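Visitor: Please pick one part of this model and take me through it closely. I would like each term explained as it comes up.

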4 protein chains.
Amino acid sequence: MAGNTFGHILRLTTYGESHGVSVGGILDGVPAGLTLDIEKIQLDLDRRKPGQSAIVTQRKESDTIRFKSGIFEGKTTGMPIAFEVVNADQKSKDYGHIKGKYRPSHADYTYDEKYGHRDYRGGGRSSARETVSWVAAGAIAKQIIPFIQIKAYTFSVGTLQLSDDQNYNLEQVESNIVRCPDQDIADKMIAHIKTVRKNGDTVGGQVKCVVEHVPIGLGDPVFEKLQANLAKAMLSINAVKGFEYGSGFSGTQLYGSQHNDIFEESGRTKTNHSGGIQGGISNGMPIYFKVAFKPVATLMQSQRSIDQSHQAVEITGKGRHDPCVVPRAIPIVEAMTALVLADAYLSHKTTQV
Amino acid sequence: MAGNTFGHILRLTTYGESHGVSVGGILDGVPAGLTLDIEKIQLDLDRRKPGQSAIVTQRKESDTIRFKSGIFEGKTTGMPIAFEVVNADQKSKDYGHIKGKYRPSHADYTYDEKYGHRDYRGGGRSSARETVSWVAAGAIAKQIIPFIQIKAYTFSVGTLQLSDDQNYNLEQVESNIVRCPDQDIADKMIAHIKTVRKNGDTVGGQVKCVVEHVPIGLGDPVFEKLQANLAKAMLSINAVKGFEYGSGFSGTQLYGSQHNDIFEESGRTKTNHSGGIQGGISNGMPIYFKVAFKPVATLMQSQRSIDQSHQAVEITGKGRHDPCVVPRAIPIVEAMTALVLADAYLSHKTTQV
Amino acid sequence: MAGNTFGHILRLTTYGESHGVSVGGILDGVPAGLTLDIEKIQLDLDRRKPGQSAIVTQRKESDTIRFKSGIFEGKTTGMPIAFEVVNADQKSKDYGHIKGKYRPSHADYTYDEKYGHRDYRGGGRSSARETVSWVAAGAIAKQIIPFIQIKAYTFSVGTLQLSDDQNYNLEQVESNIVRCPDQDIADKMIAHIKTVRKNGDTVGGQVKCVVEHVPIGLGDPVFEKLQANLAKAMLSINAVKGFEYGSGFSGTQLYGSQHNDIFEESGRTKTNHSGGIQGGISNGMPIYFKVAFKPVATLMQSQRSIDQSHQAVEITGKGRHDPCVVPRAIPIVEAMTALVLADAYLSHKTTQV
Amino acid sequence: MAGNTFGHILRLTTYGESHGVSVGGILDGVPAGLTLDIEKIQLDLDRRKPGQSAIVTQRKESDTIRFKSGIFEGKTTGMPIAFEVVNADQKSKDYGHIKGKYRPSHADYTYDEKYGHRDYRGGGRSSARETVSWVAAGAIAKQIIPFIQIKAYTFSVGTLQLSDDQNYNLEQVESNIVRCPDQDIADKMIAHIKTVRKNGDTVGGQVKCVVEHVPIGLGDPVFEKLQANLAKAMLSINAVKGFEYGSGFSGTQLYGSQHNDIFEESGRTKTNHSGGIQGGISNGMPIYFKVAFKPVATLMQSQRSIDQSHQAVEITGKGRHDPCVVPRAIPIVEAMTALVLADAYLSHKTTQV
């Protein structure tokens, strides 16, 4: 049972391979009557696109979005919104050398085993190019819930990391190319990524996301809890290995008497170990979570591997790849967050009559 | 939009409040012709039930399951399997004192805000009693995929923890009441939980789950990736704050040249940082992941809180609660894993004709 | 992929075989805060139950409903509502004689072929007893949309039928046991059914349903059109062979100049060939449709058939069966209509923000 | 909750307005490894397209399909198949005169009331142009189940109709422009449609569909019965007012002793009043059903109507419209049938392990 649809009331269905005609999707369930800001959508795509800075892949794709339906005279009509982003700069010949070879820690092997037939060019549908559609749809989702503010940023690159206890000025996130709100650490991260690339290697990192002004009541127990859908959304992103919200893994070391969030009379809580969610439902406090990204698998080094007949081969990455996925992952994390929250927001409208 | 159904082809729908008549559910999509071992189902329920040892809640519930449909002459018929577990030992009067009060870090406040009307007895539907149905359904799911072995165990309690680099004999998990495969550390964990309880406090911990003999090909990109559904399943469990699989959060500190799993000619890999999944699809290597549980929120101590009119109140837990949720969470983690894997297994049958 | 769930926002999942422990279901998505009238639910079950009159099956089942969850202090909580109706008067030995035989025009053969293993007692899950749960859920659905009035009645029995051009007083429907609002024709229908039963035979008929006070705007193009979901709901009922709404099949003989419904300035239309739905969306005019029921397949006559090894056998119905399904189908048609409309009503809440 | 997705395992999601950029869709769940015959897909589109004969609308659209994904080296990959058909000959100015006016028996009024904002050009998404995508997807679905033969034809136009008791040579269906297998009646139908068009009027009709070589076992009780999904599929088509299968409405006049289908030792039945389905599951006999189409609402005559401020207006159809929808509906009925059957076929694969 194929699974190319995300969400319940707000539903994104996507298509496209990295070296096919285009990538795109249909976003169904957008309420009627919204005045869409198309520039904001393109802006998020630009934050995701390759070639935007010295520390990301140098592929050149304009990633210009074209809408096909669901918008009339500038407003949404309640009909499905289809969109397409043409694949402009695919160099399929970059991949001829890996046809029939399985790249280590890629999806080549599992796709071949599962489907028996695979578009090997650039990873086909397992490529991160797929997230173009996610960012486009997420940028629409943000406009369904304009009162909610979603801000993701680079929390760590390798072992270089921010602190959980410090407040960062999230307005600074876009002021540097690594999207880290602390300029000193950002500079170190940028230098580190450049070194890693020079070595033909890659490095992992973490993204933190903070969501403010969330209305109380979003999330539907027991199987559509807000944190469960956020976790699913994040683990859907290529290269993600972990998700934690609120106190996360470190909270497991606390006692209940330390961890409990005591109410103020306003209904807000003094601390926020809960991460803005109680019982699967938003409680009005900020939602925050972290997402772990492994290092990109494509290396500009020679690696041992096997081919389709399980013979040992050597493989070396060609093409243009990211030495660290985190800076370009920021708008992707935000987009998936927006899809989850907008869906939960629309869903909540049916809770009481 | 209420969300009391989990899964796609294999679908569990549950009902029930902790102090209502019963908890139970309907499991739809179980293939016809399976000979069900009912004792094994009851055994998993017994591993979850309260009162089973000195370090868990002392509530007494027999948690005996009764099946209503879908099984005929010992075999599944392909029809929905309904089951019910009666709530025997609920002491609703234990909760009279909290009617109208919001317990810190519980779902009382968010349920009231979302629904406007709430069954306050024992947490109602936000109670972990709900997981009785999950364990029952998961025990059926295990029998759909008997060739897969799912083993969860206590990885940490507070700061007491096992090592990721050591191989434990998972046959030992059930040999102690904390369900930790290292007896020395298990003894320390048990002693620690007893101390915590004596203090009227609670403590968090982590569960690790290892899944072996998974066929290659389970999981459906791009939005039903195996790890995404596992993450959703785990974050659906009460008190869970995080999920990581394979190299997880620590893998973010590695270079690609360290992290990539090199193929052997068998198709297996020398290392398994990938955690048995590539591109959202199982690759035949063991799947392993960790789940973070916060400390239980109900304390046998006095805490400050507020009531429904947002006035300050004092609140003290009554009743019988777990000082540490982890030992009883083991069968729950296994059950949710089984539901995800059995669903993916059935789903995979439609991939090729 | 099993299919025991109906609806999208309001979702009914059912279970149960006619000679199992019980039939029942879980209704998810009922909004919180509704004061449920349980007597009205039981009343609809009583309208469906066997043994209620001289022209229906003489099985005795009290069909008393018991609720398990989702209602607290008389009000819905937004949690799933589980309910159960125990099978009291099943005489499984009535079916011993058909074990291994395929009754003509029953589901015995197809269930065996599809599932390989079947509960043969009383038709198992293919029995019309399943509709107990539909009526219970529909009676709840009616209370979600109390402003809508749903009235079904017997339009024909065999060749005895009402006129489409006459207005009947639908308050009279329950005044006779065949549920036909014209007492003269009702008397003839009743006499005819008695004769048919005496002959050990059965007869078909049609149900007409009229729905008034439907808000404008229910139904979701293009694949959740109101008439499409009504059609699916009706064709889900055992023995139904056809559905038409508005002008239906006879409208195919008209010219557009005759068929078009001309608007009045109020927005209502002078005629209502459209049957209250335009473009899949309710237009505020009454919705009306007809449902065709074939004659019941179980005869108190000897019939030729085959057994599981495809050998010719003789088969004679035992037990207690309906000579005409229509009188007891009235509450079932209403219930399925209510489920569709309440689902569409909740769904419509997400159309605009 | 928007509803632009059809099907469960095989899922079609569509987009597009009649005068927007294009219409198209994403078909998810097509099994991997099928060699797709693209010409056959285009052929079905050509059977649906306007301008194909003297008795249909004279709009000129080439309706050439372009695929965007999911096909590699001529074979399906298991990935979603996206496709697009550009709107070439839309003359939006044909609709300027109806902006703000509600055409009788169109969806103008209900869309405005439901969504508050509507693409009025050519009916927007309520246009029958939407069915381009249905036909494209259905043509792919046919190739998933090539062993099943689906044949629809014109059964009646106005009062001119075929007989249910006669066997027609369905190879003749495409030999005339009205798609009726009896050439004499076809000639009368064609002449009648020409007269109707000359009068600026329209006329209704019925389509009959016969499906042969259906495997036993398709359909999933109790809410995904094969006939229920066929009914939903047919009632989703614009202008459809009714559906009946097997003995249909006329079967309601029979006795059970006449209606029951007696088994032969082969497992087939002597008669086929059941229409190839028992208990919601195909029984291996031919499936046949009829679909009622009302006369097209757009007339080339002056009609009274109202505008958005509910003032009386006169309205006259401009543009180029079908005098009778039935000839072009034939491939649409077939396509929706194929989508239902292919979905049921894939679904059936999960019934037994």
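Guide: Across the interface of chain D and chain C, the rule finds four salt bridges, a salt bridge being a side-chain nitrogen of Lys or Arg within 4 Å of a carboxyl oxygen of Asp or Glu. This is a predicted model, in which local features need pLDDT of at least 70 and side-chain atom pairs count only at pLDDT 80 or more, while totals for chains, interfaces and linings use all residues. Residues are numbered from 1 along each chain as its sequence is written, chains are lettered from A and ligands numbered from 1 in the order in which they are written, and side-chain values use heavy atoms, with hydrogens and water left out.

C:Asp220 forms a salt bridge with D:Lys114, and the closest N and O atoms of this pair are 3.5 Å apart. The contact (heavy atoms within 4.5 Å) involves 113 residues of chain D and 112 residues of chain C. The size of an interface is often given as the accessible area lost when the parts come together. Here the buried area (accessible area, 1.4 Å probe, that two parts lose on being put together, summed over both) is about 8,700 Å², and carbon and sulfur atoms give 57% of it. On the chain D side, the residues that lose the most area to chain C are D:Met1, D:Lys114 and D:Phe223, together 11% of what that side buries. D:Lys114 is thus named twice, for its lost area and for its salt bridge with C:Asp220.

Inside chain C, helix α3 (residues 131-144) and helix α7 (residues 326-348) cross at roughly 45°, and their axes come within 7 Å. Helices are DSSP runs of H or I with at least four residues, numbered from the N terminus; axes are lines fitted to C-alpha atoms over the stretch in contact, and angles run from 0 to 180 degrees between N-to-C directions. α3(C) and α7(C) are therefore oblique to each other, since angles under 35 degrees count as roughly parallel, over 145 as roughly antiparallel, 65 to 115 as roughly perpendicular and the rest as oblique. Residues that meet include C:Trp134 and C:Lys142 in α3(C) and C:Glu334 and C:Tyr345 in α7(C). By class, the contact of α3(C) with α7(C) has 14 nonpolar, two polar and two charged residues, where Ala, Val, Leu, Ile, Met, Phe, Trp, Tyr, Cys and Pro count as nonpolar, Asp, Glu, Lys and Arg as charged, and the others, Gly among them, as polar.

Key. Helix = DSSP H or I, 4+ residues; strand = E, 2+ residues; numbered from the N terminus.
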